[in-house]
Amino acid sequence: QNGPSLTPPVANKLLFGGDLKVMVVGGPNQRRDYHLQEGEEFFIQLEGELMLKTIERGAFRDVAVRGGDAFLLPARVPHSPQRGPASLGLVFERSHTLGEMDGMLWFGEDADLRDGAAADLGDVAYEEYFHCTDLGKQLAPVIGRYNEWK
């Protein structure tokens with residue numbers, strides 16, 4: 001029922017707030033930003049495929065999460081969810097503590113983000129931090145400021 005309200009570039013709607021946030025997310029999307037937060041995120045892919053691009057141990061890593069699969073992303077792992085057409089999933093995360101900041105990171109347009117390529121957070125071209133209460137509402141303005149910057 002939430003599918004039609006999931007539009008790029010964010011395609012994220014908060015279903016439940018409180019101590020545990022539950023978001024429905026859909027595709028398609030093609031984003032180059034990486035999200036960084038203090039807590040874990042639990043992904044359940046209901047339909048289609050999620051390619052969760054991550055940065056781990058100095059390298060870009062791709063994690064495929066297919067319909068029916070689940071994946072727990074550890075805290076403080078930069079990640080960029082790439083969703084295929086007609087994909088639908090749920091994301092669970094704890095609410096953020098007062099003063100806790102989420103980060104959005106962009107690498108330069110010519111950066112090699114392929115699986116296995118070397119990743120250096122010193123190569124981030126643009127970053128912005130904010131206290132996140134509803135990513136579906138707060139991310140679009142951050143993306144807008146990045147687009148104005150570039």
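A search of the whole structure, which is a predicted model, turns up one cavity of 30 Å³ or more. Let us begin inside that space and then work outwards through the strands, the aromatic rings and a few unusual backbone spots.

## The cavity and its lining

The largest cavity has a volume of about 190 Å³. Its lining is made up of 16 residues, and those nearest the centre are Asn-12, Val-25, Arg-31, Pro-81 and Leu-135. By character, the lining residues of the largest cavity divide into eight nonpolar, four polar and four charged.

Which elements supply this lining? At least two residues each come from strand 2 (20–26), strand 4 (41–47), strand 8 (79–83), strand 9 (88–94) and helix 1. Strand 8 gives the most to the lining of the largest cavity, with three residues. That makes strand 8 a good place to look next.

## Strand 8 and its neighbours

Ser-80 sits in strand 8. Is Ser-80 buried or exposed? Ser-80 has a relative accessible area of 1%, so it falls under the 20% limit and is buried. The side chain of Ser-80 has polar company on record here: one of its polar atoms lies 2.7 Å from the backbone oxygen of Asp-33. A polar contact of 2.7 Å also joins the side chain of Ser-80 to the side chain of Gln-82.

Gln-82 turns up again in the strand pairing, as the bridge partner in strand 8 of Met-51. Strand 5 and strand 8 pair in the antiparallel sense, over five bridges. Strand 5 (residues 49–56) is also joined to strand 6 by eight bridges, and these two strands run antiparallel. Within that second pairing, Lys-53 has Asp-62 of strand 6 as its bridge partner.

Strand 5 and strand 6 form a hairpin with two residues between the strands, and in this hairpin Arg-57 takes a positive phi near 50 degrees. We will come back to Arg-57 below.

## Aromatic pairs

How many aromatic pairs are there? The count comes to nine aromatic pairs. One of them is Phe-60 with Phe-107, an edge-to-face pair with 5.3 Å centre to centre and 75 degrees between the planes. This pair links distant parts of the chain, since Phe-60 belongs to strand 6 (residues 59–66) and Phe-107 to strand 10 (residues 102–107), 47 residues apart. Phe-60 is buried, with a relative accessible area of 2%, and Phe-107 also counts as buried, at 3% relative accessibility.

The rings of Tyr-126 and Tyr-146 make a further pair, with centres 5.6 Å apart and planes at 55 degrees, so this pair is tilted. Here too the pair links distant parts of the chain: Tyr-126 lies in strand 11 (residues 124–130) and Tyr-146 in helix 1 (residues 135–149), 20 residues apart. Both Tyr-126 and Tyr-146 are buried.

These two tyrosines belong to one aromatic cluster, formed by Trp-106, Tyr-126, Tyr-146 and Trp-149. Trp-106 is placed in strand 10, and at 3% relative accessibility it counts as buried. For a sense of scale, the C-alpha atoms of Trp-106 and Lys-13, 93 residues apart along the chain, are separated by 23 Å.

## Unusual backbone spots

Most residues other than glycine have a negative phi, and most peptide bonds are trans. Against that background, two arginines and one proline deserve a look. The two arginines are set side by side here:

| Residue | Phi | Location | Relative accessible area |
|---|---|---|---|
| Arg-57 | near 50 degrees | loop between strand 5 and strand 6 | 84%, exposed |
| Arg-76 | about 60 degrees | loop between strand 7 (70–73) and strand 8 | 47%, partly exposed |

Why does Arg-57 count as exposed? Arg-57 has a relative accessible area of 84%, and exposed means over 50%, so Arg-57 is exposed. Arg-76, at 47% relative accessibility, counts as partly exposed. The loop that holds Arg-76 lies between strand 7 and strand 8, and strand 8 is the element that gives the most to the lining of the largest cavity.

The proline is Pro-28, where the peptide bond from Gly-27 to Pro-28 is cis, with omega near 10 degrees. Pro-28 lies in the loop between strand 2 and strand 3 (33–36). Strand 2 is also among the elements that supply at least two residues of the cavity lining, which brings the tour back to its starting point.

Notes:
Residues numbered from 1 in each chain as written. Predicted model: local features only at pLDDT ≥ 70, side-chain atom pairs only at ≥ 80, totals over all residues. Heavy atoms only, no water. Phe/Tyr/Trp six-rings, centres within 6.5 Å; stacked < 30°, edge-to-face > 60°. Helix = DSSP H or I, 4+ residues; strand = E, 2+ residues; numbered from the N terminus. Buried < 20%, exposed > 50% of the residue type's maximum accessible area, 1.4 Å probe, protein only. 1 Å grid on protein atoms, 1.4 Å probe; cavity = no way out; pocket = protein on both sides within 12 Å on 5 of 7 lines; lining within 4 Å. Points joined across faces, edges and corners; volume = space filled by probe spheres on them. Nonpolar A, V, L, I, M, F, W, Y, C, P; charged D, E, K, R; others polar. Pairing = 2+ DSSP bridges. Polar contact = N/O pair within 3.5 Å; in protein donor to acceptor, adjacent residues only side chain to side chain.
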